[in-house]
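Trainee: I should like to learn how to read a helical model one feature at a time. May we work through an example together?

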Amino acid sequence: MGQSEADVLVERLARYPVERYPVQHATTQFHLGSVLLHAGEIPPAVEALAVSRSVFVGAGMRLEAAKATVMLGVGLRAAGRLEEAAGAFHAAGAVLAELDQPVEQAAAAYNLGLVRHDAGDPDAAHAAWASARELFLSTGYPAQAAAAARDHGASLLTAGDVAAAVPLLEQSASLAERAGDGPGTAAAANVLGLAHLAAWDAPAAVAVLRRALGFTPRSVRPAEHAMVKTNLALAYEQVGDDAKARLAARQALAVPSAAAAVRAQAQQLLQRLPGQAHEDLLSVLDTEPREQWVPLVREEVLRLAELPARQRCTEVSGFLDGALARPDASYELVQSLLQVVLELPPRAYDLLVATVVDAAIGRPQQEAERLRAVVGSAMARFAIPQWQRLAASLNAAAQATGQPATWR
């Protein structure tokens, strides 16, 4: 088994005794402290960073000592030693200002804001974050400025000062997006959505939370996706669109990694607004332009793929019933469903294909024939390879259940 990075650094320390190689020793202690911090080993990290700072100070290396002091402050905050951490950030910030190091000074100010917030001193936190934001902006670091603005705005929102929070959160989202920071954009937009909800501006909340969703794909950041989905459900509820509210809440609940608080909030909404999933989807599709059907169906199919087989069959069957009951849109609705099914990875594809077949079983013969005819006409709208794949998959699934291969 190979050595860890921390083990390598400990061995290096032995080669650089502080009496003979003070600079190399302090530098190695700094790197060791940083590695230990990242690994969550807080007490030894604090010890290494304290040594690093002390040796740099003794060597007269003020800039390096200030950088070590910032990292030491991070470690002290992680250890819950908030006053010591604040002192470290104050001291480092003063030296960095003297040395004309605005980026490092901004980092110290940002971290000071976090410590002051932890300590229950919001005014001091806000002043520190404002300073950090301006320094980051003046030195061309928009993503870092966005983070300072987001934390400042979120703190103001928590304190109930919605009017002051909104412009900061708008600036944060704009800066993060300009910097290409997708997670930062999503985080700022999510909090901004909550601010709009607090101000009872539900349409603005819906718009900004939909923007946040664009930066939190379910496949990449599932827990964050579920959180934004739940907040979007609340926005739809406030705007009076109960069907979309229920859809968003159910989709959040279908994410396995959704946080407990997120799940509880989504479940509470569904208790307040009872309704049937397939009916909600169909009623939403009834009001949306047809070019929006596939994205809306896609979000529901991803949820359906996570459900137990019986529940999935009930909901797919209900959707197909609704499609057949809409003769002017039957083919387009089924085509939207099949288009999404074709996009799925193999396991989910097989599940949904089998569910479509199961949804036809047990129907009166005339109704089952009509369903197969609508599905067949919808399949015929695809390119030949896709049509052939769907037909073969549906017939294989039918034969696996003892049904005739009549899907074409």
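Trainee: Where is the place of Trp200?

Mentor: Please note at the outset that this is a predicted model. Trp200 sits in the loop between helix H10 (182-198) and H11.

Trainee: What is the value of phi at Trp200?

Mentor: Phi of Trp200 is near 60°, a positive value in a residue other than glycine. The side of Trp200 open to solvent can be judged from its relative accessible area, 69%, and Trp200 is therefore classed as exposed, the cut-off being over 50%.

Trainee: Which other loop residue has a positive phi in a residue other than glycine?

Mentor: Asp100 has a phi near 55°. Asp100 belongs to the loop between helix H5 (82-98) and helix H6 (102-118). With a relative accessible area of 61%, Asp100 is exposed.

Trainee: Let us turn to a single helix. Which residues of helix H1 are buried?

Mentor: The general idea comes first. An α-helix has 3.6 residues a turn, so residues three or four places apart point the same way. In helix H1 (residues 5-15), the buried residues are Ala6, Leu9 and Leu13. Viewed down the axis of H1, these buried residues fall within an arc of 60°, so they line one face of the helix.

Trainee: What do the buried residues of H1 pack against, and which residues on the other side of H1 are exposed?

Mentor: The buried residues of H1 pack against helix H2 (22-38). On the other side of H1, Ala14 and Arg15 are exposed.

Trainee: How should I read the packing of two helices, and at what angle do H2 and helix H3 pack?

Mentor: One takes the angle between the axes, then their separation, the handedness and the residues in contact. H2 and helix H3 (residues 42-58) pack at an angle of about 155°, and their axes are 8 Å apart. An angle over 145 degrees counts as roughly antiparallel, and H2 and H3 are therefore roughly antiparallel to each other. Their crossing is left-handed. Residues of H2 in this contact include Val23, Ala26, Phe30 and Leu37, and those of H3 include Ile42, Leu49, Val55 and Phe56. By class, the contact of H2 with H3 has 15 nonpolar, six polar and no charged residues.

Trainee: How far apart are the axes of helix H8 and helix H9?

Mentor: The axes of helix H8 (residues 142-158) and helix H9 (residues 162-178) are 8 Å apart, and the angle of packing is about 155°. H8 and H9 are therefore roughly antiparallel to each other. H8 passes H9 in a left-handed crossing. Among the residues that meet are Ala145, Ala149, His152 and Leu156 in H8, with Val162, Leu168, Leu175 and Ala176 in H9. Sorted by class, the contact of H8 with H9 has 14 nonpolar, four polar and two charged residues.

Trainee: Is His152 buried or exposed?

Mentor: His152, which lies in helix H8, has a relative accessible area of 9% and is buried. Leaving aside residues up to four places away in sequence, His152 touches His126, Trp129, Ala130, Arg133 and Leu168.

Trainee: What does Ala176 touch, not counting residues up to four places away in sequence?

Mentor: Ala176 touches Ala146, Asp181, Gly184 and Thr185 on that count. Ala176 lies in helix H9 and is buried, with a relative accessible area of 1%. Sequence separation and distance in space may also be read side by side. Ala176 and Ala189 are 13 residues apart in sequence and 9.8 Å apart in space, C-alpha to C-alpha.

Trainee: As a last case, at roughly what angle do the axes of helix H11 and helix H12 cross?

Mentor: The axes of helix H11 (residues 202-214) and helix H12 (residues 222-239) cross at roughly 160° and come within 9 Å. H11 and H12 are therefore roughly antiparallel to each other. H11 passes H12 in a left-handed crossing. The residues that meet include Ala202, Val206, Leu209 and Arg210 in H11, and His225, Lys229, Leu232 and Tyr236 in H12. By class, the contact of H11 with H12 has twelve nonpolar, three polar and two charged residues.

Definitions and conventions: Residues are numbered from 1 along each chain as its sequence is written. This is a predicted model: local features need pLDDT of at least 70, side-chain atom pairs count only at pLDDT 80 or more; totals for chains, interfaces and linings use all residues. Side-chain values use heavy atoms; hydrogens and water are left out. Axes are lines fitted to C-alpha atoms, for helices over the stretch in contact, and angles run from 0 to 180 degrees between N-to-C directions. Helices (H or I, at least four residues) and strands (E, at least two) are DSSP runs, numbered from the N terminus. Angles under 35 degrees count as roughly parallel, over 145 as roughly antiparallel, 65 to 115 as roughly perpendicular and the rest as oblique. A crossing is left-handed if the near helix is turned anticlockwise from the far one by less than a right angle, and right-handed if clockwise. Contact means heavy atoms within 4.5 Å. Ala, Val, Leu, Ile, Met, Phe, Trp, Tyr, Cys and Pro count as nonpolar, Asp, Glu, Lys and Arg as charged, and the others, Gly among them, as polar. Buried means under 20% relative accessible area, exposed over 50%, partly exposed in between (1.4 Å probe, protein chains only). The arc is that of the directions from the helix axis to the C-beta atoms.
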